[in-house]
Every structure is written in structure tokens, then in C-alpha cells.
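I opened my notebook for this one and kept the entries short. Here is what I looked up, in the order I went.

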Amino acid sequence: MEKSKKESYFFWTFKGTRIFLRGSEIWYVSTEQGKTLIHTRSQVYQIGGPMREEALKLRELPMVKVHNSFLVNMDKLEVISAKGATLKNQVYIPVSRGCWGAAREIIDNYYREKCGSVPEPQRSVV
């Protein structure tokens with residue numbers, strides 16, 4: 001019998017507000033004008049810590065850095081390329097050239113482990 005994975009829960013306090021989220025509710029994390037934001041399907045929460053600190057806090061989730069300002073939950077990805085990512089809720093996230101190589105490898109490994117394989121990209125024949 002397969003063990004079920006225990007749901008991860010996260011907690012933040014920011015300016016007197018307490019935020020409680022399940023890991024599966026977190027779609028992505030962004031920074032805008034020095035503010036770190038947690039995005040769920042329908043809400044955005046400002047939290048106090050810097051992106052680097054939040055990446056450590058969320059390390060048990062399948063998060064990948066696709067840009068200096070964005071961490072994305074790989075379970076919420078629908079499409080990704082060197083130009084950008086589209087999440088399952090149709091939110092577009094930019095992918096930076098500097099992050100693309102490592103992000104692609106992390107994503108491929110994650111889905112290879114989860115699905116058993118990852119299709120190789122098709123090359124254009126000119």
C-alpha cells in the first residue's frame with residue numbers, strides 16, 4: 001500500500017496579519033518593487049521576507065526559479081519555454097535567459113521522476 005504524502009502548511013505574519021496556506025494552494029512567488037508576494041489561484045498576499053528566504057522556507061514544495069523575481073510551483077505549470085511560462089490558470093510568467101538552463105533541467109528531472117519520462121523537444125528541420 002502506497003503511503004500518502006502529508007500536506008505541507010505554511011504560516012506568515014505580515015503587519016499584524018496572519019496568513020495560513022497549504023503548499024498546494026501556492027501557485028508562485030514574486031517580487032515587485034521590493035515586496036515579496038505569494039500568489040494563490042485567487043489571492044495575492046504580501047509577506048515580509050526576501051525572495052531568497054522564502055525559497056528556503058518553501059523548499060519542500062516543487063518550486064523552481066524561472067526568473068530573479070519569480071519562483072513557480074511546477075505542479076501548476078501548463079507550458080514553459082525559454083521565453084516564458086503559462087500556468088494552469090493562464091497566468092503568464094517571464095523566464096529569464098540566466099535561469100532557463102537550470103530551470104529546464106530541474107523541471108525535466110521533476111517530471112521524469114513523476115511521470116517516468118519527459119519528451120525531448122522536437123528540432124526544426126530547415
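**Helix α2 and what it packs on**

I began with the packing of α2: its buried residues lie against β6 and β8 (77-80). This is a predicted model, so I read everything below with that in mind.

Which residues of α2 are buried? I found C99, W100, A103 and I107. A reminder I jotted beside them: an α-helix has 3.6 residues a turn, so residues three or four places apart point the same way.

Next I checked the length of α2, which covers residues 97-115. At 1.5 Å a residue, its 19 residues should span 27 Å, and I got 26 Å between the end C-alpha atoms, which agrees. I also noted a bend of about 25° at A103, one of the buried residues of α2. After the helix comes G116, with a positive phi near 100°.

**The sheet**

I then traced the strand order and wrote down β5-β4-β3-β7-β6, an open sheet of five strands with antiparallel pairing. At its edges are β5 (44-47) and β6 (63-67), each pairing on one side only. On average, neighbouring strands here are turned by 30° against each other, direction ignored.

How many bridges join β6 to β7? I counted four, with the two strands running antiparallel. For H67, the bridge partner in β7 is F70.

**N73, in β7**

I stopped at N73, which sits in strand β7 (residues 70-73). Is N73 buried or exposed? Its relative accessibility is 2%, so I put it down as buried, the cut-off being under 20%.

Where does its side chain go? I followed the N73 side chain to the backbone oxygen of I26, at 2.9 Å. Setting aside neighbours within four places in sequence, I listed G23, I26, W27, P62 and M63 as contacts of N73.

**Y28, in β3**

My last stop was Y28, in strand β3 (residues 28-32). Y28 has 10% relative accessibility, so it counts as buried too.

Not counting residues up to four places away in sequence, I saw Y28 touching L37, I38, H39, M63, F70, L71, V72, L87, V91 and I93. M63 caught my eye in that list, as I had already written it down for N73. F70 was familiar as well, being the bridge partner of H67.

I closed with one pair distance: Y28 and K76 are 48 residues apart in sequence, yet their C-alpha atoms are 8.5 Å apart in space.

Technical notes: Residues numbered from 1 in each chain as written. Predicted model: local features only at pLDDT ≥ 70, side-chain atom pairs only at ≥ 80, totals over all residues. Heavy atoms only, no water. Buried < 20%, exposed > 50% of the residue type's maximum accessible area, 1.4 Å probe, protein only. Polar contact = N/O pair within 3.5 Å; in protein donor to acceptor, adjacent residues only side chain to side chain. Contact = heavy atoms within 4.5 Å. Pairing = 2+ DSSP bridges. Axes fitted to C-alpha atoms, helices over the stretch in contact; angles between N-to-C directions. Expected span 1.5 Å × (residues − 1). Bend = angle between axes of the 7 residues up to and from the residue.
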